[in-house]
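Grab a pencil and work through a few exercises on the structure shown below. Try each task on your own before reading its solution.

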Amino acid sequence: MCFEYCGVVMEISFGYSHYLKTYWYQGKLPTVKRGMYGGELKKKGPNKTTLEHILPHSQGGKTTINNLGLATLKNNNQRGCAPLQGDKIISDIIIYLRQFKNVVYGKLDGNRYISLIINTLDQLGIHIDRKVV
């Protein structure tokens, strides 16, 4: 979340940490270039990579692999705590998940991650056909 103070844009960080984000920052996930809601992931600036809670933390979402994605700071802030909806968002999530196909590094098994995220989305009433991912 960002706010402006005396003409300077300040960023509020909630300090969430997870191996998914750590691996990305370390360059261990080279196929992952786009965030959950589109946008090129970067190490700094408005497209800085952040952890996104699919079910927002403020609504009981946990900081666990089945509830986390990578998103640009800008897109993460734009979504806030709003429900995921719309064909564009679903399309962006499918593109995002495809980047993890057959990726294995450390604790991350990309195919399992895809399945976990699809299950979480399913629980929220967002249905993605596993065949398209």
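**Exercise 1.** Which residues have the most contacts inside the largest nonpolar core?

Solution. Keep in mind that this is a predicted model. Start with the core itself: the largest one has 33 residues. Inside it, the residues with the most contacts are Leu20, Leu29, Leu97, Phe100, Leu108 and Tyr113. Next, see where core residues come from: helix H1 (19-25), strand E4 (68-72), helix H3 (87-98) and helix H4 (110-123) each give two or more. H4 gives the most, with six residues. Now zoom in on Leu29. Leaving out residues up to four places away in sequence, Leu29 touches Leu20, Tyr23, Trp24, Phe100, Val103 and Leu108.

**Exercise 2.** Work out which residues of H3 are buried, and what they pack against.

Solution. First, get a feel for the helix: H3 has 12 residues and reaches 17 Å from its first C-alpha to its last, close to the 16 Å expected. Then pick out the buried residues, which are Ile90, Asp92, Ile93, Ile94, Tyr96 and Leu97. Finally, look at the neighbours: the buried residues of H3 pack against H1, E4 and H4.

**Exercise 3.** Asp92 is on that buried list. Find the side chain that meets Asp92 in a salt bridge, and say how the two sit in the helix.

Solution. The partner is Lys88, at 2.7 Å from N to O. Asp92 and Lys88 are about one helical turn apart, because they are four residues apart in helix H3. In general, residues three or four places apart in an α-helix point the same way, because there are 3.6 residues a turn. Now check the accessibility of each one. Asp92 has 7% relative accessibility, so it counts as buried. Lys88 has 56%, so it counts as exposed.

**Exercise 4.** How many salt bridges does the structure hold? Describe the ones outside H3 as well.

Solution. There are three. One joins the side chains of Glu52 and Arg79 at 2.7 Å, N to O. Glu52 lies in strand E3 and Arg79 in helix H2, so this pair ties together parts that are 27 residues apart in sequence. Glu52 and Arg79 are both buried. Another joins Lys42 and Glu40 at 3.6 Å, N to O. Here Lys42 is partly exposed at 35% relative accessible area, and Glu40 is partly exposed at 46%.

**Exercise 5.** Where does pLDDT stay under 50?

Solution. Begin with the whole chain: it averages a pLDDT of 88, and 89% of the residues score at least 70. The stretch under 50 is residues 1-13. Where pLDDT is low, predicted coordinates should not be read in detail.

How values were computed:
Residues are numbered from 1 along each chain as its sequence is written. This is a predicted model: local features need pLDDT of at least 70, side-chain atom pairs count only at pLDDT 80 or more; totals for chains, interfaces and linings use all residues. Side-chain values use heavy atoms; hydrogens and water are left out. pLDDT is the predictor's confidence in each residue, from 0 to 100. Contact means heavy atoms within 4.5 Å. A nonpolar core is a set of buried Ala, Val, Leu, Ile, Met, Phe, Trp, Tyr and Cys residues joined through side-chain atoms within 4.5 Å. Buried means under 20% relative accessible area, exposed over 50%, partly exposed in between (1.4 Å probe, protein chains only). The expected span of a helix is 1.5 Å times one less than its number of residues. A salt bridge is a side-chain nitrogen of Lys or Arg within 4 Å of a carboxyl oxygen of Asp or Glu.
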